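Trainee: I would like to go through this model with you and ask, for each label, what value stands behind it.
Mentor: Gladly; let us look at it together.

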Amino acid sequence: MHDCLTSYNGISFDKLFTLLVKIVKFITTRYSKMSYKVTYFNVTAMGEPMRFLLSYLNIDFEDVRFEEEEWPALKPTMPFGQVPVLEIDGKVLNQSTAITRYLAKKAGLAGSDDWESLLIDIAVDNIHDLRQAMASYTYDTNEETKEAKYAPLINETVPFYMDKFEKNVKDNNGYFVNGKLSWADLFFVAILDYLNYMTKIDLLEGRPKLKALKEKVLAVPQIKAWVAKRPTVDY
């Protein structure tokens, strides 16, 4: 009978375990020491995907919010005059989708290979296309042209996209891509209140698969904890 192994390549398993503990502690300490700050309006909208991903990663972050009347003074201080921005250890980063994708990679939610990553990016861009169509209506300052946009938006554009999203989630076992949680799912749920606000309707009405997806995302412990403590806002 062979004795139980007590070493590997001459190194005792006790020493290997101690080394592993030190490595994990170093990585954990490194990330815990990094400072993260999200700066955005006092709404969910395009800042919320970042907040969802940071929460999912169990990263503490400073959630800096400002009101609309404060924006003119803050705008010149932002890269390219836009928000949201994420500041990591003093480095201010813009482009929310790129930032969210970066965080998703850290979280293991950006695809297991290049093909899956592509499918996730496509899903997110499709959501963006719908959001931009809604924004064209919501932020139109000409009341006459704005009013003319609403019926086509609600009767044509929204059903076109939302029905495709519903089928997509149905065909992928309850998620946007490959039957598992990805940042496309978090992104959609994170901005859903904003999309509802812009259209003035409940986009999930009559779409049970998307409704179930929302419930699954909001049931993720880290996301659930964030939603419970975040400021209460209209959207």
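Trainee: Why is Ser96 called buried or exposed?
Mentor: This is a predicted model, and the label rests on a value computed from it: the relative accessible area of Ser96 is 13%, and since buried means under 20%, Ser96 counts as buried. Ser96 is found in helix 4 and, leaving aside its neighbours within four places in sequence, is in contact with Met46, Met50 and Pro84.

Trainee: What is special about the peptide bond that joins Val83 and Pro84?
Mentor: That bond is cis, with omega at about 10 degrees. As a background rule, most peptide bonds are trans. Pro84 itself is found in the loop between helix 3 (71-74) and strand 5.

Trainee: How do you know that the length of helix 4 agrees with its number of residues?
Mentor: Helix 4 covers residues 96-107, which makes twelve residues, and at 1.5 Å a residue these should span 16 Å; the C-alpha atoms at its ends are 16 Å apart, so the two values agree.

Trainee: What makes you say that the buried residues of helix 4 line one face?
Mentor: The buried residues of this helix are Ser96, Thr97, Ile99, Thr100, Leu103, Ala104 and Ala107. Seen down the axis of helix 4, they fall within an arc of 160 degrees, and therefore they line one face of the helix. The general background is that an α-helix has 3.6 residues a turn, so residues three or four places apart point the same way.

Trainee: Which elements do these buried residues pack against, and what follows helix 4?
Mentor: The buried residues of helix 4 pack against helix 2 (48-56), strand 5 (85-88), strand 6 (91-93), helix 5 (114-138) and helix 7 (183-199). Helix 4 is followed by Gly108, whose phi is positive, near 75 degrees.

Trainee: Which residues other than glycine have a positive phi near 55 degrees?
Mentor: Asn173 has such a value, and Asn178 has one too. In general, most residues other than glycine have a negative phi. Asn173 lies in the loop between helix 6 (143-171) and helix 7, and the place of Asn178 is in the loop between helix 6 and helix 7 as well.

Trainee: Why is Asn173 called exposed, and why is Asn178 called partly exposed?
Mentor: Asn173 has a relative accessible area of 63%, and because exposed means over 50%, Asn173 counts as exposed. Asn178 has a relative accessible area of 40%, which falls between the cut-offs of 20% and 50%, so Asn178 is partly exposed.

Trainee: What makes Asp121 partly exposed?
Mentor: Its relative accessibility is 21%, and because buried means under 20%, Asp121 counts as partly exposed. Asp121 lies in helix 5 and, leaving aside its neighbours within four places in sequence, is in contact with Arg101 and Trp183.

Trainee: Why is the pair of Tyr197 and Tyr235 called stacked, whereas that of Phe61 and Trp226 is called tilted?
Mentor: In the pair of Phe61 and Trp226 the distance is 5.3 Å centre to centre and the angle between the planes is 50 degrees; planes under 30 degrees apart count as stacked and over 60 as edge-to-face, so this pair is tilted. Phe61 lies in the loop between helix 2 and strand 4 (62-66) and Trp226 in helix 9 (residues 221-229), so the pair ties together parts that are 165 residues apart in sequence. Both Phe61 and Trp226 are buried. The rings of Tyr197 and Tyr235 have their centres 3.8 Å apart and their planes at 15 degrees, so this pair is stacked. Tyr197 is in helix 7 and Tyr235 in the segment after helix 9, 38 residues apart.

Trainee: How do you know that Lys216 lies over the face of Tyr175?
Mentor: Lys216 is at 4.0 Å from the ring centre of Tyr175, and the distance cut-off is within 6 Å. The charged end of Lys146 likewise sits over the ring of Tyr137, 5.3 Å from its centre.

Terms used
Residues are numbered from 1 along each chain as its sequence is written. This is a predicted model: local features need pLDDT of at least 70, side-chain atom pairs count only at pLDDT 80 or more; totals for chains, interfaces and linings use all residues. Side-chain values use heavy atoms; hydrogens and water are left out. Helices (H or I, at least four residues) and strands (E, at least two) are DSSP runs, numbered from the N terminus. The expected span of a helix is 1.5 Å times one less than its number of residues. Buried means under 20% relative accessible area, exposed over 50%, partly exposed in between (1.4 Å probe, protein chains only). The arc is that of the directions from the helix axis to the C-beta atoms. Contact means heavy atoms within 4.5 Å. Rings of Phe, Tyr and Trp (its six-membered ring) pair if their centres lie within 6.5 Å; planes under 30 degrees apart count as stacked, over 60 as edge-to-face and the rest as tilted. A charge sits over a ring if NZ of Lys or CZ of Arg is within 6 Å of the ring centre and within 35 degrees of the ring normal.
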